[in-house]
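Biologist: Hi! Could you pull up the model so we can chat about how the two chains meet?
Modeller: Sure, here it comes.

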Protein chains: 2
Amino acid sequence: MTINEAPPTVSGAPALPSHGRLRPLGLSEVTLRPGFWQRRQEVNRSATLAHIEHWLERAGWLGNLEAAPQDRRGREFSDSEIYKLLEAMAWELGRSPDPELEERYRAIVRRVAAVQQPDGYLNTNFGRPGQQPRYSDLEWGHELYCYGHLIQAAVARARTFGTDDLVEVAIRAADHVCDVFGPDGIASVCGHPEIEPALVELYRVTGDRRYLEQARLFVERRGRQTLADIEFGRAYFQDDMPVRAASVLRGHAVRATYLAAGAVDVAIETGDGELLNAVTRQWRNTVARRTYLTGGMGSRHQDEAFGEDFVLPPDRAYSETCAGIGSVMLSWRLLLAHGDPRYADLIERTLFNVIATAPSDDGTRFFYTNTLHQRVLGTEPPAGTLVPRAASTLRAPWFGVSCCPTNLARTFASLAGYLATSDDDGLQLHQYAAAEIRTSLPDGREIGLEIDTDYPVSGRISVRITETPDTPWTLTLRIPQWAGNATLDGMAVSPGQARLRRRFTAGETVVLDLAVRPRLTAADPRIDSVRGCVAVERGPVVYCVESVDLPPHVPVDTLRLDASVPPADGGGGVVASCRITSPVDQEWPYLAPGPEASVKSAEVVLRPYHDWAGRGPSTMRVWLPAY
Amino acid sequence: MTINEAPPTVSGAPALPSHGRLRPLGLSEVTLRPGFWQRRQEVNRSATLAHIEHWLERAGWLGNLEAAPQDRRGREFSDSEIYKLLEAMAWELGRSPDPELEERYRAIVRRVAAVQQPDGYLNTNFGRPGQQPRYSDLEWGHELYCYGHLIQAAVARARTFGTDDLVEVAIRAADHVCDVFGPDGIASVCGHPEIEPALVELYRVTGDRRYLEQARLFVERRGRQTLADIEFGRAYFQDDMPVRAASVLRGHAVRATYLAAGAVDVAIETGDGELLNAVTRQWRNTVARRTYLTGGMGSRHQDEAFGEDFVLPPDRAYSETCAGIGSVMLSWRLLLAHGDPRYADLIERTLFNVIATAPSDDGTRFFYTNTLHQRVLGTEPPAGTLVPRAASTLRAPWFGVSCCPTNLARTFASLAGYLATSDDDGLQLHQYAAAEIRTSLPDGREIGLEIDTDYPVSGRISVRITETPDTPWTLTLRIPQWAGNATLDGMAVSPGQARLRRRFTAGETVVLDLAVRPRLTAADPRIDSVRGCVAVERGPVVYCVESVDLPPHVPVDTLRLDASVPPADGGGGVVASCRITSPVDQEWPYLAPGPEASVKSAEVVLRPYHDWAGRGPSTMRVWLPAY
């Protein structure tokens with residue numbers, strides 16, 4: 001077994017392609033400083049990790065590691081939550097060592113390692129007396145999916161620490177997968193993709209091409225109907241058509257984004273331009289036709305799936321938290337491959353409006369789905385209860401299917417890895433947050449930056465050069481698509497990228513102002529469900545109206561927004577001119593067309609969508625009918 | 001065992017309350033003549049019954065009656081499809097005897113009777129070696145639901161023929177249910193209501209109050225959380241709150257309407273005004289807030305359930321065919337109880353736009369769901385295949401869950417029973433169709449009518465008095481809510497009811513003209529999904545645009561309707577003035593508000609929604625954006 005010594009310039013990157021337009025920076029190179037994201041990262045470390053561990057014990061999913069087969073608890077994929085917790089811990093330990101956290105991590109790793117079979121098999125739900133045989137239910141069994149998360153945890157550990165017992169367990173599991181599902185093995189795939197990006201990442205860590213070849217095989221087999229048809233159709237697990245033949249993401253949104261991320265990884269490492277182009281096309285069509293204003297993906301509750309083009313109802317939005325994470329994983333890989341700032345635009349939108357929305361301020365309650373329209377007051381789940389359904393109406397401490405909390409934990413822990421990249425000629429800033437960056441270019445030139453900003457409250461971003469070679473290099477700054485009035489050191493810059501190539505001086509400061517102010521946004525008229533409506537955005541943040549901010553007995557659904565009056569900062573949020581209508585109850589709600597009963601004008605305060613439901617049950621709208 | 005001899009005035013009524021504001025007429029009193037509904041009834045008799053029998057054999061659901069337990073096929077409720085076929089056959093045989101059909105009916109009854117256990121238990125899915133024990137899965141087992149349909153078939157037979165083997169089997173089953181679920185028995189209910197109305201109807205046939213008491217018990221137990229919680233929540237099977245406490249229908253739409261129908265039956269026979277008021281209130285709120293323009297009920301695919309108030313998306317409408325039938329069952333019972341024409345208005349709407357929409361012209365393919373917006377071309381199910389999913393995009397010959405075809409068959413067979421009622425003073429016409437009616441009032445006065453009409457093509461309905469006493473009586477005609485310009489014998493009449501009380505003369509004709517012409521309809525602004533849209537209706541019929549009626553390459557979603565121009569008859573349908581827009585693909589579909597790109601004007605033909613998809617795959621819209 002060989003663990004490549006990660007070169008210092010890339011230590012701790014959450015995905016690490018061997019080549020591409022841009023190179024990721026790792027957690028040892030980028031450190032968040034106090035601000036919007038650092039606050040969330042600290043809550044994740046100090047509260048969410050322990051919260052998850054508590055619930056994994058309480059729900060018995062950690063206990064499954066020692067339980068008799070007949071006493072196993074939880075869904076078939078519950079092992080994966082343990083691995084996602086380990087991944088989050090590994091990133092956190094890499095970011096900042098802590099003996100107590102290190103011991104908790106090692107204790108869980110010992111329990112996991114004890115369950116692994118001599119041939120590398122590892123799953124608490126299959127193969128033991130009284131259980132279904134191994135790999136007897138590829139459609140729903142999630143065995144390869146669980147390996148995927150095991151391997152991702154090991155990759156995080158290898159990139160931040162080096163080899164350890166978890167890495168060895170993961171390598172044994174990966175070898176077992178290659179033995180069983182290799183070219184002469186079971187010629188099928190897992191109902192839930194995840195093993196694909198994991199195996200490529202393990203190849204990147206170990207250099208063992210067998211893992212890459214196995215990932216390639218899995219990507220190629222997908223879409224060949226090797227899985228059984230199911231009630232939702234084979235598109236649910238993307239087994240309806242080959243990856244390289246599809247033009248848009250479809251089916252279960254988490255499965256779709258994970259698979260696409262893995263396909264990019266395979267394409268990059270095997271030099272498969274056709275495959276990369278296919279996924280790039282799928283991303284483009286998905287963003288243009290199947291994505292919510294928040295960046296959320298998946299509009300169907302029935303199968304947690306993408307709807308048809310332009311079917312994006314706010315009130316039955318699914319927009320699963322994990323699909324937002326899958327979308328970030330995919331966009332990040334395409335950004336590294338192509339360098340196009342569009343990918344970073346979508347990442348920003350998804351981070352601020354899906355990832356930041358899901359957890360409560362204290363990091364112990366979570367949205368599984370992220371609706372854009374709450375019509376009735378949600379009910380607060382009793383403290384300490386496990387919510388049986390995915391569709392929570394308020395953030396809940398834990399779910400029967402609890403993929404989202406652990407997915408958030410590993411994402412917050414590795415968040416600094418998504419801020420910046422480098423290439424041969426310099427540094428690119430993609431996401432704006434208070435942070436320090438220190439890295440070396442491939443030719444050894446060292447660069448240091450300090451980014452000072454209260455973004456997204458304001459759009460002012462100061463980049464101080466703390467270390468620079470005395471040769472010219474290029475600092476590239478993303479100008480978001482929404483930032484039509486941005487300036488860089490006082491000069492107008494257009495959406496896309498602003499590049500400063502020069503000889504920098506240590507101590508000098510570059511100031512980007514993205515001119516954050518409230519704006520109105522309309523939707524493509526083919527999105528029927530928001531016809532005649534506008535949304536309020538401010539910088540990268542989507543705003544919403546909540547009933548707690550309205551006069552008593554004014555339902556959010558009675559508001560009409562005056563689209564001729566620009567919304568303005570104020571009232572602790574954004575103020576918009578509205579009318580409050582008074583809908584008349586009819587025995588039959590379909591009548592001859594006529595004007596709406598209008599009652600009175602009101603200045604209404606909207607607040608960031610990611611904060612919604614933070615002040616107790618509330619009704620809420622993102623899209624408001626306009627007049 | 002006693003079967004009441006049905007008095008001739010009520011022979012063959014599909015529901016027969018012992019009292020109420022109105023009395024139903026039976027199939028021996030009302031006969032359809034050639035026209036819109038008679039054509040469908042004949043197709044049902046000549047084609048659909050044999051089609052169903054063929055599929056019940058082919059899918060093995062009839063074969064389950066003889067199969068070994070381990071060879072049983074189909075879902076847990078497949079026995080019920082056999083009973084619904086028997087019910088349809090019984091109504092048809094009552095309407096018009098036929099030796100060949102009679103023999104087919106009897107052959108199936110013999111097979112059913114052979115499966116009944118000595119204690120009355122009858123279900124092919126439970127209780128035999130290798131199967132789950134009886135009543136071990138009340139949430140999903142459907143055992144009482146299957147009895148319900150068995151009993152309904154027997155009631156149809158008893159009302160049209162008298163007692164026979166099926167009636168005796170049903171009575172033994174009902175006695176068994178009372179033994180096992182009585183006051184001292186299993187204190188729970190079935191996950192799918194249906195036994196409730198069935199037991200009351202059997203009480204009405206036999207006079208045995210034990211069945212009524214058992215139905216009352218089931219209605220009272222519902223909502224007391226005697227069923228386990230499930231992923232969809234207990235509202236799915238209406239076990240979230242007592243029937244008399246609820247204000248609106250909720251949960252699974254078929255379950256909700258069947259239960260409400262049974263609750264009305266119990267309320268009527270036990271004199272429970274509070275219970276009747278509760279269901280009446282639920283109907284009112286459901287119609288005002290949770291019903292599609294078509295009369296369709298249920299907007300959620302996930303759980304085939306009602307959505308929240310005003311959540312009625314056209315493109316993910318579920319509007320299950322069976323929920324339409326359940327709605328007619330419920331409205332009919334409330335009409336009999338209260339006499340209010342609103343109930344008949346909803347029945348008319350549901351008959352013309354849900355019940356008439358579901359089957360193909362030849363009666364051998366069916367919609368399970370009835371969407372109001374088809375965005376992509378549906379795929380024709382290969383001839384002779386069983387469609388695994390409820391959500392068909394085109395009418396399909398059979399489904400894995402195939403409740404709708406058999407439910408349609410029993411409804412078409414008994415359709416004449418929903419046209420007219422009587423009270424002590426005369427006759428009420430609720431639905432307009434070419435028909436003959438002959439009945440006697442309770443005091444023995446005989447009345448005969450011939451109704452001549454091509455409704456709904458025109459709104460002209462001629463009622464010829466063929467038999468009349470020489471004393472005054474009242475002829476009551478429903479004036480639909482949409483008929484604002486109706487005349488009766490040339491005199492204006494208002495929506496609601498027109499009453500003619502006089503001494504009629506045999507041979508005289510009363511002419512009602514409902515002034516059917518195309519009109520535009522808008523929706524309550526709280527129905528967000530159709531904001532800014534209008535629909536075209538004509539009389540009781542909802543119209544739609546289909547892509548097969550548009551120029552090539554003009555998607556239905558690009559049309560905008562000019563709401564200032566009244567639609568007019570023409571082009572084989574209704575012609576509306578439209579613009580065809582040319583939507584521009586954007587990388588990101590959310591932009592600053594702006595005008596829509598408009599291209600050219602066009603006169604567009606709309607056709608009845610119930611005929612849609614009859615000319616092959618097509619995209620379709622009921623609601624069109626207006627300008």
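Modeller: One term before we start: a salt bridge here is a side-chain nitrogen of Lys or Arg within 4 Å of a carboxyl oxygen of Asp or Glu. Please keep in mind that this is a predicted model.
Biologist: Thanks! Which residue does A:Asp528 meet in a salt bridge?
Modeller: The partner is B:Arg375, with 2.9 Å from N to O.
Biologist: And how many salt bridges are there across the interface of chain A and chain B?
Modeller: The rule finds ten. For polar contacts between chain A and chain B, the count is 21 residue pairs.
Biologist: Which elements of chain A give two or more residues to the side that touches chain B?
Modeller: Those are α9, α11, β14, β15, β20 and β23 of chain A. β14(A) gives the most, with four residues.
Biologist: What kinds of residues are on that side of chain A?
Modeller: They divide into 30 nonpolar, 21 charged and nine polar.
Biologist: What area is buried between the two chains?
Modeller: About 4900 Å², and carbon and sulfur atoms give 50% of that. Chain A and chain B each bring 60 residues to the contact.
Biologist: Switching to α11(A): why is it described as largely enclosed?
Modeller: Because 14 of its 15 residues are buried, α11(A) is largely enclosed by the rest of the structure. This helix covers residues 341-355 and reaches 20 Å from first C-alpha to last, close to the 21 Å expected.
Biologist: What caps its N-terminal end?
Modeller: A:Asp340 does, with a side-chain oxygen 2.9 Å from the backbone nitrogen of A:Arg342.

Terms used
Residues numbered from 1 in each chain as written. Chains lettered and ligands numbered in written order. Predicted model: local features only at pLDDT ≥ 70, side-chain atom pairs only at ≥ 80, totals over all residues. Heavy atoms only, no water. Expected span 1.5 Å × (residues − 1). Buried < 20%, exposed > 50% of the residue type's maximum accessible area, 1.4 Å probe, protein only. Polar contact = N/O pair within 3.5 Å; in protein donor to acceptor, adjacent residues only side chain to side chain. Contact = heavy atoms within 4.5 Å. Buried area = accessible area lost by both parts, 1.4 Å probe. Nonpolar A, V, L, I, M, F, W, Y, C, P; charged D, E, K, R; others polar.
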